[in-house]
Amino acid sequence: GVFCGLKAAVKRALGKDSLQGLHIALQGAGSVATGVALHAAQEGARLSIADVDQAKAQKLADACGGRVVSPDEIMTLEADVLSPNALGAILTEQSIAALRVPVVAGGANNQLATPEDGPRLQQRGILYAPDYVINAGGIINVCTEYLGDGDASLVRDRIQGIPVRLEEIWAESQASGRDPASVADAMA
């Protein structure tokens, strides 16, 4: 789901259907970041990976042909996408001012430190994929299993709806002038 959402963000912000040749800065090397990294590498993306566990970051970098950078460096790299997949509250007034990316799309929860940080991203011209929308794949899977109303193909179909929801949010954001995080909150 996060990978599908990241691709939707790239299409919207950069007009590209593929990640071929794009630079993605991944914060985190856990299961979500690993999935994003492996899919992105398969499409030909260049990856920079940071994690507080240096060995974990190196293992992922080795698996996808990426390079390891320090956790302090990941937020200020010049890249096409910053994909936060670890810590919450990482998008602050200070970190947003230092970003050098046109897209923020990742699976970490509660990426915005304050409600004012959504408008800050928008003012900088950075497309933001609201975290609880792009990372909905996990809850979609759990709910489908719990309710017993489908199999893996139904889960995949529902996860394919994530880019559609994101596009609705971004379209409303563009039409209304409100930032994507505020639009997502209002829709929720």
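Before you click anything, one bit of vocabulary: a residue is called buried when its relative accessible area is under 20%, exposed when it is over 50%, and partly exposed in between. Keep in mind, too, that what you have open is a predicted model.

**Stop 1: helix α2**

Select residues 31–42. This is helix α2, twelve residues that reach 17 Å from the first C-alpha to the last, close to the 16 Å expected at 1.5 Å a residue. Now colour Ala 33, Val 36, Ala 37 and Ala 40, which are the buried residues of α2. Turn the view until you look down the axis of α2: those buried residues fall within an arc of 100°, so they line one face of the helix. Here is some background for that pattern: an α-helix has 3.6 residues a turn, so residues three or four places apart point the same way.

Which residues are exposed on the other side of α2? Select Ser 31 and Gln 42, and you have them.

Next, show what lies over the buried residues of α2. The cover includes α1 (2–14), β1 (23–27), β2 (46–50), α3 (54–64) and β4 (81–84). Before you leave, click on Gly 44, just after α2, which takes a positive phi of about 95°.

**Stop 2: α1 against α2**

Keep α2 on screen and add α1. How do the axes of these two helices cross? They come within 9 Å of each other, at an angle of roughly 55°. α1 and α2 are therefore oblique to each other, and α1 passes α2 in a right-handed crossing. To see the contact itself, show side chains for Val 2, Phe 3 and Leu 6 of α1, then for Val 32, Val 36, His 39 and Ala 40 of α2. You have met two of these names already: Val 36 and Ala 40 are among the buried residues of α2.

**Stop 3: α1 against α10**

Hide α2, keep α1 and select residues 161–176, which form helix α10. α1 and α10 pack at an angle of about 35°, with their axes 8 Å apart. Here again α1 makes a right-handed crossing, this time as it passes α10. From α1, the contact uses Cys 4, Gly 5, Ala 8, Ala 9 and Arg 12. From α10, look for Ile 162, Pro 163, Leu 166, Glu 167, Trp 170, Ala 171 and Gln 174.

**Stop 4: along α10**

Stay with α10 and try your distance tool on its end C-alpha atoms. They are 23 Å apart, and this agrees with the 22 Å that 16 residues should span at 1.5 Å a residue. Colour the buried residues of α10: Gly 161, Ile 162, Pro 163, Leu 166, Ile 169, Trp 170 and Ser 173.

Now click on Glu 168, also in α10. Is Glu 168 buried or partly exposed? With 39% relative accessibility, Glu 168 counts as partly exposed. Draw a line from its C-alpha to that of Val 2: the two residues are 166 apart in sequence and 16 Å apart in space. Just past the end of α10, Gly 177 has a positive phi of about 85°.

**Stop 5: α10 against α11**

Add residues 180–187, helix α11. The axes of α10 and α11 come within 9 Å and cross at roughly 115°. That makes α10 roughly perpendicular to α11, and their crossing is right-handed. On the α10 side, show Glu 168, Ile 169, Trp 170, Glu 172, Ser 173 and Ser 176. They meet Pro 180, Val 183, Ala 184 and Met 187 of α11.

**Stop 6: Tyr 128**

Select Tyr 128, which sits in strand β6 (residues 127–128). It is buried, with a relative accessible area of 3%. What does Tyr 128 touch, leaving aside residues up to four places away in sequence? Its partners are Leu 91, Val 104, Gln 111, Leu 112, Leu 121, Trp 170, Pro 180 and Ala 181. Pick Ala 181 from that list: it is 53 residues from Tyr 128 along the chain, and their C-alpha atoms are separated by 7.6 Å.

**Stop 7: two loop residues**

Finish with Ala 89, in the loop between β4 and α5 (93–98). Ala 89 has a positive phi of about 55° although it is not a glycine, and at 42% relative accessibility it counts as partly exposed. Then jump to Asn 110, in the loop between β5 (103–104) and α6 (117–123). Asn 110 is not a glycine either, yet its phi is positive, at about 50°. With a relative accessible area of 57%, Asn 110 is exposed.

Methods. Residues numbered from 1 in each chain as written. Predicted model: local features only at pLDDT ≥ 70, side-chain atom pairs only at ≥ 80, totals over all residues. Heavy atoms only, no water. Helix = DSSP H or I, 4+ residues; strand = E, 2+ residues; numbered from the N terminus. Expected span 1.5 Å × (residues − 1). Buried < 20%, exposed > 50% of the residue type's maximum accessible area, 1.4 Å probe, protein only. Arc of directions from axis to C-beta. Contact = heavy atoms within 4.5 Å. Axes fitted to C-alpha atoms, helices over the stretch in contact; angles between N-to-C directions. Parallel < 35°, antiparallel > 145°, perpendicular 65-115°, else oblique. Left-handed = near helix turned anticlockwise from the far one by under 90°.
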